[in-house]
Amino acid sequence: MIMLAVVALLAACGAQTPTPVVTKPRTVTSPKPTKRPKAGPPGATRAGTRPPVVDHGPRTGHRVALTFDADMTDGMLYNLRTGRAKSYANLRIIDLLEKERIPATFFLTGKWVERYPEVTRRLAANPRFELANHTYGHQAFTADCYGLPRVPTKDMTADVAKTFDTIAPYGGRQTRYFRFPGLCHDGAALAALAPLGLTVVDGDVVSGDPFAKRYQPIVRAVLSTVRPGSIVILHVTEENAAMTDEALPHILAGLRERGLTPAPLSDVLANDTKGDDTKRQRASRHRDGHVNRDLCAQHADRTHRCRG
Ligand SMILES: [Zn+2]
């Protein structure tokens, strides 16, 4: 029965399972011997294939990924220019992660990088930090996404490509991981990103830190749902997530108590994206993908809960 269910799931969603990077031999026009291309950065997939969507890594071991989104919209830039907001870069978070030598992965918008080049340099210089892509200006990639203005479908590929180009010069641990604003995506959005050869990262632990008034609910939300392989969604946007730095020490202590260790996202996903994962893992990932979207739908009226 279980086997049947697994087979049915795989049959139903074969197109959504990650495709291993396959090296095609070159045709004979080149005089040089065929070279094996180097493996791409973490999250790289074969350009032209529909990006895999991951919510978490294997549920074995003790590693979890702390991910921090760095949103930046034109409205936020306006708030900074006019003094309505002081900062969307929470240095206390970075200080703590550095001091405690905690690995983390930062999903950066292009406009945040342009506004905070020094902070971006600091992130890139830390060998424990990975850099990932969170669109150029934090616009929505679906019609109905928490009221965010929408990127026209024809501009989606260029928006995400431009963001990779904005982050790349900073070096450090570059990846091909990408997170949609609000985690909102559909088939058209995934198809638009296929040429870029990336992996879409949602997450299975929604901390709810944006616009939180107290740190305790953030800590509770994380520690009540975190498991081995989890991807925890947090924000480094200070003014829009003012309690995250207060929550973080408690989250770190709680993870330690549970025997869980923060690791770079690529380590957490390592067994999951190399194409050598088991059928059971692929089926589980797909099933949980649905769970994740359902969770977001339930919280649609509490918009910040699901925002990436
Ligand atoms: Zn975001």
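Begin by selecting Gly57 in this predicted model, where the residue sits in the loop that joins strand E1 (53-54) to strand E2 (63-70). Is Gly57 buried or exposed? Gly57 is buried, because 28 other C-beta atoms lie within 10 Å, and 20 or more are needed for a residue to count as buried. Now add Leu265 to the selection: although Gly57 and Leu265 are 208 residues apart along the chain, their C-alpha atoms are separated by 8.7 Å.

Keep that pair in mind while you show the whole protein, in which there are 11 helices and 9 strands. Of its 308 residues, 44% are buried. Among the contacts with a separation of 6 or more, 84% are between residues 24 or more positions apart.

Next, select helix H6, residues 156-167. At 1.5 Å a residue, its 12 residues should span 16 Å, and the C-alpha atoms at its ends are 17 Å apart, which agrees. Which residues of H6 are buried? They are Met156, Val160, Thr163, Phe164 and Ile167, and because these buried residues cover an arc of only 100° around the axis, they lie on the same side of H6. An α-helix has 3.6 residues a turn, so residues three or four places apart point the same way. To see what covers the buried residues of H6, display strand E3 (104-108), helix H4 (110-115), strand E4 (129-133), strand E5 (173-178) and helix H7 (187-193), which are included in that cover.

From E5, follow the chain into the loop that leads to H7, where Pro181 is found. Pro181 counts as buried, because it has 25 C-beta neighbours inside 10 Å. Select Gln139 as well, and you will have a pair of residues 42 residues apart along the chain whose C-alpha atoms are separated by 6.6 Å.

For the last stop, select helix H8 (residues 216-225) together with helix H9 (residues 244-257), whose axes come within 8 Å and cross at roughly 35°. The crossing in which H8 passes H9 is right-handed. Which residues make the contact? On H8 they are Ile218, Val219, Val222 and Leu223, while H9 contributes Thr244, Ala247, His250, Ile251 and Gly254. If you colour the contact of H8 with H9 by class, you will find 6 nonpolar residues, 3 polar residues and no charged residues.

Key: Residues numbered from 1 in each chain as written. Predicted model: local features only at pLDDT ≥ 70, side-chain atom pairs only at ≥ 80, totals over all residues. Helix = DSSP H or I, 4+ residues; strand = E, 2+ residues; numbered from the N terminus. Expected span 1.5 Å × (residues − 1). Buried ≥ 20, exposed ≤ 12 C-beta atoms within 10 Å, placed from the backbone. Arc of directions from axis to C-beta. Contact = placed C-beta atoms within 7 Å. Axes fitted to C-alpha atoms, helices over the stretch in contact; angles between N-to-C directions. Left-handed = near helix turned anticlockwise from the far one by under 90°. Nonpolar A, V, L, I, M, F, W, Y, C, P; charged D, E, K, R; others polar.
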